[in-house]
Amino acid sequence: STLDESLVTGESLPVTRAVGDAVITGTINGAGALQVRATATGEDTALARIVRLVEAAQVSKAPVQRLVDQVASVFVPIVIAIALVTFGSWWLISGDLEAALVPAVSVLVIACPCALGLATPTALVAGTGAAARHGILIRDIEALERAVGVTVVVFDKTGTLTEGHPAVTDVMPYGATRDEVLALAARVEIASEHPLAKAIVAAAQATGAVGVPATGLSSTVGEGVTAVVDGETVGVGNRRLAVTLGVAAAELEAIATDETRLLDSAKTTLMVVRAGRVMGLIGLADPVRPQSAEAVSMLRARGIAVRLLTGDAAPVAAAIARTVGIETVEAGVKPARKADVVSELKRAGQVVAMVGDGVNDAPALAGADLSIAIGSGADVAVETAGVTLMRSDPRLVPAALEIARATVAKIRQNLFWAFIYNVIGLPLAALGLLSPAFAGFAMAMSSVSVVSNAWLLTRWRLKGP
């Protein structure tokens, strides 16, 4: 049969499995019937190993000490000390309890940490709200803090930079029209549940060229399918199937250049054969998302390195990387290796953001400094991620980094405004130049300035590349 292993291995196209081959827990069987012998169960399965990798990576993450907590732990004791010193000094100087109490109260009022308490949550609410309006869900402030320092973004391929399912990219007809070749192939494939068959039928339906389904459908694993159309045998499959159906060697040689061009482009190539003649070639591939190249360009324009890390075959990965503009590629990568690559980058001093959507990405997502999951992907990837993209648009990756930076910048600005009032007001209050009423007004204004500054985040828009 053919199996969809994309969630576990990242291989975008179905892979053929025959007698004696190993199959992986968590993959999806295609049209064939399989009798499977379990060689590992429970914690020994590939899926269980992935779960353990995720858990280990999550446990190893140290919690980030928030800036506000650090500042507050110093600020509050200092203010209390200043108030006590102010009270004692005025009492010693004036000998009047009321004269000492008023400036001490003014010190406490002007230093009331309302603005300090509002600085982070107001910016966080405004920033995450702006992000959500753009389809970006940010889990917590730690994800925001980590996003600010990201130096390299590692992309998975299948379902992230690509659509995640095969589609017809090329039709090369010989002695027929493009629509006729598609219609002929669709009549054979329409009853099949194979992803490639569904792609051919979808392409034919888009042209309105689907006819009456063929009869006598027969499938040969590793070659293709045959059926009877209008009394003639029609086959859709690879070169081996064409030879089996009696296509002459000279005819195969004549189309070899076209076939090689498709194969060199990392496309699955099928021949449509009717009555011993090749009617056309159909090329299929996992198409690149139209926004992927722009997303990579936006990241590189911001000085962030971009890498491609995929379980798919090397020719496919190289073709995708060339299309979207990524120079550093590693293909044929298992889930554990993905996590290792992320760890190696972190040890080299990089701040790593990992973008993925499959079960196979979960360990790397868990181990990255910032994990970004496509919302349409596997649940384990979404649960692992600090940031979830609700649309399958890679441009939301630079958008997520931008809104995170903008939000953290607002938090720091708010802290500045919260403290500038104290830097100016505390000495004045201690010297008796501010009444408690005016100190209360100044404290209220500091809160207003913090909230107003955070509100500006609601106007955030992503800038282009």
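Helices H4 and H18 make a good starting point for a walk through this predicted model: their axes come within 8 Å and cross at roughly 5°. With angles under 35 degrees counted as roughly parallel, H4 and H18 are therefore roughly parallel to each other. On the H4 side the contact is made by Val-102, Val-105, Ser-106, Val-109 and Ile-110, which meet Pro-436, Ala-439, Gly-440, Ala-442 and Met-443 of H18. By class, the residues of this contact are 8 nonpolar and 2 polar, with no charged residue.

One residue of H4 deserves a closer look. Ser-106 sits in this helix, which spans residues 97-110. Is Ser-106 buried or exposed? Its relative accessibility is 0%, so Ser-106 counts as buried. Beyond its neighbours within four places in sequence, Ser-106 is in contact with Ala-429, Leu-434, Ser-435, Pro-436 and Ala-439. Two of these partners, Pro-436 and Ala-439, also appear among the H18 residues that meet H4.

H18 has a further partner in H17. The axes of H17 (residues 396-430) and H18 (residues 436-455) come within 9 Å and cross at roughly 165°; H17 and H18 are therefore roughly antiparallel to each other. Their crossing is right-handed. From H17, the residues Lys-410, Gln-413, Asn-414, Trp-417, Ala-418 and Tyr-421 take part, and they meet Ala-442, Met-445, Ser-446, Ser-449, Val-450, Asn-453 and Ala-454 of H18. This contact of H17 with H18 has 7 nonpolar, 5 polar and 1 charged residues. Ala-442 of H18 is listed both in the contact with H17 and in the contact with H4.

H17 also packs with H6, a helix of residues 141-148, and here the axes come within 8 Å and cross at roughly 105°. H6 and H17 are therefore roughly perpendicular to each other. H6 contributes Ile-141, Leu-144, Glu-145, Ala-147 and Val-148, while H17 contributes Leu-401, Ala-404, Arg-405, Thr-407, Val-408 and Ile-411. These residues divide into 8 nonpolar, 1 polar and 2 charged.

Elsewhere in the chain, helix H13 (residues 314-324) has Val-316, Ala-317, Ala-319, Ile-320, Ala-321 and Val-324 as its buried residues. An α-helix has 3.6 residues a turn, so residues three or four places apart point the same way. The buried residues of H13 pack against helix H12 (292-301), strand E12 (305-309) and strand E13 (328-330). Following H13 comes Gly-325, with a positive phi near 90°.

Positive phi values are also found outside glycine. Most residues other than glycine have a negative phi. Asp-230, however, has a positive phi near 55° and lies in the loop between strand E8 (224-229) and strand E9 (232-237). With 59% relative accessibility, Asp-230 counts as exposed. Ala-275 likewise has a positive phi, near 50°, and belongs to the loop between strand E10 (268-274) and strand E11 (277-285). The relative accessible area of Ala-275 is 49%, so Ala-275 is partly exposed.

These details belong to a chain of 18 helices and 16 strands. Of its 465 residues, 46% are buried. Among contacts with a separation of 6 or more, 67% are between residues 24 or more positions apart. The accessible surface of the chain is about 21300 Å², and carbon and sulfur atoms account for 60% of that surface.

Terms used: Residues numbered from 1 in each chain as written. Predicted model: local features only at pLDDT ≥ 70, side-chain atom pairs only at ≥ 80, totals over all residues. Heavy atoms only, no water. Helix = DSSP H or I, 4+ residues; strand = E, 2+ residues; numbered from the N terminus. Buried < 20%, exposed > 50% of the residue type's maximum accessible area, 1.4 Å probe, protein only. Contact = heavy atoms within 4.5 Å. Areas by Shrake-Rupley, 256 points an atom, 1.4 Å probe, with all protein chains shown as cover. Axes fitted to C-alpha atoms, helices over the stretch in contact; angles between N-to-C directions. Parallel < 35°, antiparallel > 145°, perpendicular 65-115°, else oblique. Left-handed = near helix turned anticlockwise from the far one by under 90°. Nonpolar A, V, L, I, M, F, W, Y, C, P; charged D, E, K, R; others polar.
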